[in-house]
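Colleague: Hey, got a minute to walk me through this one? I'd like the surface first, then the fold, then a residue or two.

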Amino acid sequence: MSKLEGLYTLDDLSVVDTSATAKITINKYHIVFDGHFPDNPVMPGVCMMQIIKEITEKITEKTLFMQSASNIKFMAIINPFKTPKLELQLEITETVEGYKVRNTSKFEETVALKSTSNFVTK
């Protein structure tokens with residue numbers, strides 16, 4: 001079970017070699033938006049990082065733990081009422097301890113998040 005149960009729906013997942021594209025729809029009525037922020041919902045950055053982890057787990061079929069993250073750049077606000085459809089592009093490289101994931105998340109043509117994360121297997 002996802003820690004973000006009901007926050008998003010994975011609409012499509014395409015994997016070719018080490019590249020993956022995931023299309024998701026954010027549930028604008030999820031409880032997380034009640035506190036972040038009332039009357040002006042914004043997708044919490046930590047939730048985006050968790051979504052990246054969960055999609056990577058689905059692709060690798062492994063349970064993962066984020067060991068480190070770098071170059072995290074939130075470049076645009078994700079408002080689930082205005083832009084609920086997101087596309088996540090992941091470049092997944094296997095490492096000695098687990099996986100390195102480079103991510104670019106966007107809505108329409110707007111890049112919302114870029115990050116690099118290192119995950120270890122549990």
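**Surface, fold and two residues**

Modeller: Sure. The chain exposes about 7,100 Å², and carbon and sulfur atoms supply 51% of that. Keep in mind that this is a predicted model.

Colleague: Okay, and how much of the chain is buried?

Modeller: Of the 122 residues, 41% are buried.

Colleague: What about charges, how far apart are the mean positions of the positive and negative ones?

Modeller: They are 4 Å apart, with 14 positive and 15 negative charges in the chain.

Colleague: Switching to the fold: how many helices and strands are there?

Modeller: Two helices and six strands. Going along the sequence, the pattern reads β-β-α-α-β-β-β-β.

Colleague: And what does the radius of gyration say about the overall shape?

Modeller: The chain's value is 14 Å, and a compact globule with 122 residues would be near 14 Å, so the two agree. As for the C-alpha trace, its spans along the principal axes are about 45 × 30 × 25 Å.

Colleague: What share of the contacts links residues 24 or more positions apart?

Modeller: Taking contacts with a separation of 6 or more, 59% are between residues 24 or more positions apart.

Colleague: Let's zoom in. Where is Ala-69 found?

Modeller: In strand β3, which covers residues 64–74.

Colleague: Is Ala-69 buried or exposed?

Modeller: Ala-69 is partly exposed, because its relative accessible area is 34%, and that label covers values between the 20% and 50% cut-offs.

Colleague: Which residues is Ala-69 in contact with, leaving aside its neighbours within four places in sequence?

Modeller: Those are Met-49, Thr-116 and Ser-117. There's also a nice example of sequence distance against space here: Phe-119 is 50 residues from Ala-69 in sequence, yet their C-alpha atoms are 8.8 Å apart.

Colleague: Cool. Now Asn-79, where does that one lie?

Modeller: Asn-79 is in the loop between β3 and β4, and β4 is residues 85–94.

Colleague: So it's a loop residue. Is Asn-79 buried or exposed?

Modeller: Asn-79 is buried: its relative accessible area is 11%, and buried means under 20%.

Colleague: What does Asn-79 touch, not counting residues up to four places away in sequence?

Modeller: Asn-79 touches Asn-40, Pro-41 and Pro-84.

Colleague: And which backbone nitrogen lies 2.8 Å from a polar atom of the Asn-79 side chain?

Modeller: The one belonging to Phe-81.

Colleague: Great, thanks!

Conventions: Residues are numbered from 1 along each chain as its sequence is written. This is a predicted model: local features need pLDDT of at least 70, side-chain atom pairs count only at pLDDT 80 or more; totals for chains, interfaces and linings use all residues. Side-chain values use heavy atoms; hydrogens and water are left out. Helices (H or I, at least four residues) and strands (E, at least two) are DSSP runs, numbered from the N terminus. The radius of gyration is taken over C-alpha atoms; the globule rule is 2.2 Å times the number of residues to the power 0.38. Buried means under 20% relative accessible area, exposed over 50%, partly exposed in between (1.4 Å probe, protein chains only). Contact means heavy atoms within 4.5 Å. Accessible areas come from the Shrake-Rupley method with a 1.4 Å probe; for residues, only the protein chains shown count as cover. Lys and Arg count as positive and Asp and Glu as negative; His and the chain ends are not counted. The place of a charge is taken as NZ of Lys, CZ of Arg, CG of Asp or CD of Glu. A polar contact is a pair of N or O atoms within 3.5 Å; within protein, one must be able to donate a hydrogen and the other to accept it, and residues adjacent in sequence count only if both atoms are side-chain atoms.
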